[in-house]
Amino acid sequence: MTEEEFEDFYARSVHRLTGQLYVMTGDFHEAQDVVQEAFVRAWGHRGKLAEDLGPEAWVRTVAWRLAVSRWRRVLRGQRAWRRRADATVSAGPDPSAVDLERALRELPARQRLCAALYYVCDLSVDRIAAETRRSTGTVKTHLSRARGKLAAHLIDRAQHVPTGESRDA
């Protein structure tokens, strides 16, 4: 098959083959990928592909085999992850951590940034001032206001614990 014949073959059959593989795989993007890969492989074998031997069937077969290989690879990966996974189920997040995260989200951005740099990253006030390009006084103000808002939010949250639910859970 010459280059021109292959180009013509590709133009005539790529959409039909993609549609067929879509029906076979149930995933349009997967069908596109495997059909393109099959055509790449067919290009390397174009000298052996004869029109009367069914080059479209050859491409369809290769595309199907590629899809099956991908499925097997995914299934092996999933099985490996399941084998690797811990046997114990981890508990959900600590309720106090969830409350803190909610409280942090309610802070203004500058206060949240300063609080995170100070309490999570363990940076000094001077270092935070340098990184945020603010004065140390401004950083101290943001930290003070953040502490006040966090304390108010967390105290308010602790007072509204539903009955029957322990605060120390």
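**Close-ups of an aromatic cluster and a charged patch**

**View 1. Phe6, Phe9, Tyr10, Phe39 and Trp43 make up a cluster held together by ring pairs.** Keep in mind that this is a predicted model. If you search the whole structure, you get eight aromatic pairs. The next two views pick out a couple of pairs.

**View 2. Phe6 meets Phe9 edge-to-face.** The two ring centres sit 6.0 Å apart and the planes are at 65°, past the 60 degrees needed, so this pair is called edge-to-face. Both residues belong to helix α1, and they are three residues apart, about one turn of the helix. Phe6 has 6% relative accessibility, so it counts as buried. Phe9 is buried as well, with a relative accessible area of 1%.

**View 3. Phe9 also pairs with Phe39, this time in a tilted arrangement.** Here the rings are 5.5 Å apart centre to centre, with 55° between the planes. Phe9 comes from helix α1 and Phe39 from helix α2 (residues 28-44), so this pair ties together parts that are 30 residues apart in sequence. Both partners, Phe9 and Phe39, are buried.

**View 4. Glu3, Glu4, Glu5 and Glu7 form a negative patch on the surface.** Take Glu3 as one of these residues. Glu3 sits in helix α1, which covers residues 3-25. Its relative accessible area is 42%, so Glu3 is partly exposed. Compare that with Phe6 in View 2: Phe6 lies in helix α1 too, but Phe6 is buried.

Terms used: Residues are numbered from 1 along each chain as its sequence is written. This is a predicted model: local features need pLDDT of at least 70, side-chain atom pairs count only at pLDDT 80 or more; totals for chains, interfaces and linings use all residues. Side-chain values use heavy atoms; hydrogens and water are left out. Patches are made of residues with over 30% relative accessible area and no salt bridge: like charges are joined within 9 Å, nonpolar side chains (Val, Leu, Ile, Met, Phe, Trp, Tyr) within 5 Å. Accessible areas come from the Shrake-Rupley method with a 1.4 Å probe; for residues, only the protein chains shown count as cover. A salt bridge is a side-chain nitrogen of Lys or Arg within 4 Å of a carboxyl oxygen of Asp or Glu. Lys and Arg count as positive and Asp and Glu as negative; His and the chain ends are not counted. The place of a charge is taken as NZ of Lys, CZ of Arg, CG of Asp or CD of Glu. Helices (H or I, at least four residues) and strands (E, at least two) are DSSP runs, numbered from the N terminus. Buried means under 20% relative accessible area, exposed over 50%, partly exposed in between (1.4 Å probe, protein chains only). Rings of Phe, Tyr and Trp (its six-membered ring) pair if their centres lie within 6.5 Å; planes under 30 degrees apart count as stacked, over 60 as edge-to-face and the rest as tilted.
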